[in-house]
Amino acid sequence: MKFTKGAYVLFACLVALGACKKAEIDPEELTTNPFDKDYVGEAIFGFVSERTVSYQIDTTTFLKLEVDVQVNTALFPKPTNYIVQYELPSGQTLDVPLADLQDDVFTMTVLEVAPGIRYCFHPRLGNNGSYGSGNTICGTAE
Amino acid sequence: MRSLLAVLVVITMGPTTFAQKTGTLRMMVDPAAGLEFVVDHKYRMQQREVKLGEGLHHFSLWAPERRVVDTSVFVIADRTSDLVMRLPFSEEYQQYRKDLGLYEDGRLMRQLSPLVLVGGLVWTGLSIGSYGKAKDQLEDDRTAYNESVDPASINRLKIDIDQHNSDMRNARNSLYAGTALSVVGAGVIAYVWHKTKQHRKPSFEDKEKVIFEGLTWMPGQLGGTWCAGVTIPLQR
């Protein structure tokens, strides 16, 4: 009888000890924060509208594509200031001026576009001088 | 005629010729403490030196915890001789020492065996503390991740989490080891107590003393008395 009780106690201890492993965190499973470069989830940046605008340099007329993007601040862990940087189709990166982020909508522009061509941007969310995740937004020049 | 002459010579020479000459015998016996001996089955003595008449004398020597040893010594007149001897331990005493050793070992084990359990419990307690801290740290890390709005901090946090996971693993392994030691300690206690619960402190009955204290002659001022020794173990 004593042996049986001891076996139950030992089994309970082993179960309790076995449960200890669950407390560990797998860093690769941490993907829910939009400020994390490994973020996986709902898109942070949403397409709002696009337009193709002509502009002139000297006597030559060019077209530029402007894409308006909405920042999904509802995904933020808490209300905060943020910065945005986006990558042009050429690979060049541009910072969005803070003044343009007051209403959580900003515009990405690519110059010298050709009508009918689809151009993709990759904006990234950042804060305190470093950048995390983002998603790709595309627009088509007219 | 010759016989008559011899008798006359003996009578005229008197006591000077027949006064017994003595020799001295020094008792160089190990152990010196508590040594007693009986000379010629009559005289029980304890002194270090004895004067005895010339000739062969029988000695029964004894000391506490030792065996009674019988020997004969030839005492030479006007000379001091040494009786060098080491009394062997009695069988009862050797058995007593053996039993006492077992008893002491058992008692020591009974006293020490809880230390294994205490050590295991202390180790387990410390490990639980470390484990709790490591767990709290990881909880803090998870909260920090969920609340952070700084990409650089999140990168650093993920590196820290690797270290904190390592701390957690170490704490958990330490907890396993502490728990195992506690279980072993409990097992050792149960085993030792089970094995030693019948142990009683042995008592030494010096049977050789009883033998030695048998009827002997005790020299005294009035000539001496016959005496008999009886040993009563009062500690029982």
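**Entry 1: chain B as a whole**

Among contacts in chain B between residues at least 6 apart in sequence, what percentage join residues at least 24 apart? I looked this up to start with, and the figure is 67%. A reminder to myself before going on: this is a predicted model.

Next I went through the elements of chain B, and I found 5 helices and 9 strands. Starting at the N terminus, I read their order as α-α-β-β-β-β-β-β-β-α-α-α-β-β. I also checked burial: chain B has 236 residues, and 19% of them count as buried.

**Entry 2: a sheet in chain B**

I turned to the strands of chain B and picked out an open sheet of 3 strands, in the order E4-E1-E7, with mixed pairing. Which strands are at the edges? They are E4 and strand E7 (80-86) of chain B, each of which pairs on one side only. From one strand to the next, I noted an average twist of 30°.

I then followed one pairing in more detail. Strand E1 (residues 22-30) of chain B is joined to E7(B) by 7 bridges, and the two run parallel. To have a place to look, I marked Val29(B), which stands opposite Met85(B) in E7(B).

**Entry 3: one residue, Glu54(B)**

I stopped at Glu54(B), which sits in the loop between strand E4 (49-53) and strand E5 (55-62) of chain B. Is Glu54(B) buried or partly exposed? I found 15 C-beta neighbours inside 10 Å, so Glu54(B) counts as partly exposed. The cut-off behind this is worth a note: burial takes 20 or more such neighbours, and a residue with 12 or fewer is exposed.

What does Glu54(B) touch, once residues up to four places away in sequence are left out? My list has Gln20(B), Lys21(B), Thr22(B), Gly23(B), Val75(B), Ile76(B) and Ala77(B). I looked again at one of them, Val75(B): it is 21 residues from Glu54(B) along the chain, yet the two C-alpha atoms are separated by 5.0 Å.

**Entry 4: two helices of chain B**

Here I looked at how H3(B) and H4(B) pass each other. Their axes come within 7 Å and cross at roughly 160°. Angles over 145 degrees count as roughly antiparallel, and H3(B) and H4(B) are therefore roughly antiparallel to each other. I noted the handedness of the crossing too: it is left-handed. Sorting the residues of the contact of H3(B) with H4(B) by class, I got 26 nonpolar, 15 polar and 6 charged.

**Entry 5: where chain B meets chain A**

How many residues does each chain bring to the contact? I found 23 residues from chain B and 22 residues from chain A. On the side of chain B that touches chain A, helix H3 (91-147) and helix H4 (151-196) of chain B each supply at least two residues. H4(B) gives the most to this side, with 12 residues. By class, I sorted the side of chain B that touches chain A into 11 nonpolar, 4 polar and 8 charged residues.

**Entry 6: chain A as a whole**

Moving over to chain A, I found 1 helix and 8 strands. Along the sequence, the pattern reads α-β-β-β-β-β-β-β-β. Chain A has 142 residues, of which 22% count as buried. I asked here what I had asked of chain B: among contacts in chain A between residues at least 6 apart in sequence, 58% join residues at least 24 apart.

**Entry 7: a sheet in chain A**

In chain A I picked out an open sheet of 3 strands, ordered E1-E2-E5, with antiparallel pairing. Why is one side of E1 and of E5 left without a neighbour in the sheet? Strand E1 (45-57) and strand E5 (105-111) of chain A stand at the edges and each has a single partner strand, so one side of each has no neighbour there. The twist from one strand to the next averages 25°.

Last, I traced E1(A) against its partner. The strand E2 (residues 60-71) of chain A is joined to E1(A) by 12 bridges, and they run antiparallel. I wrote down two places to look: Ser49(A) has Asp68(A) as its bridge partner in E2(A), and Arg51(A) stands opposite Glu66(A) in E2(A). The hairpin of E1(A) and E2(A) has 2 residues between the strands, and in it Asp58(A) takes a positive phi near 60°.

How values were computed: Residues numbered from 1 in each chain as written. Chains lettered and ligands numbered in written order. Predicted model: local features only at pLDDT ≥ 70, side-chain atom pairs only at ≥ 80, totals over all residues. Pairing = 2+ DSSP bridges. Helix = DSSP H or I, 4+ residues; strand = E, 2+ residues; numbered from the N terminus. Axes fitted to C-alpha atoms, helices over the stretch in contact; angles between N-to-C directions. Contact = placed C-beta atoms within 7 Å. Nonpolar A, V, L, I, M, F, W, Y, C, P; charged D, E, K, R; others polar. Parallel < 35°, antiparallel > 145°, perpendicular 65-115°, else oblique. Left-handed = near helix turned anticlockwise from the far one by under 90°.
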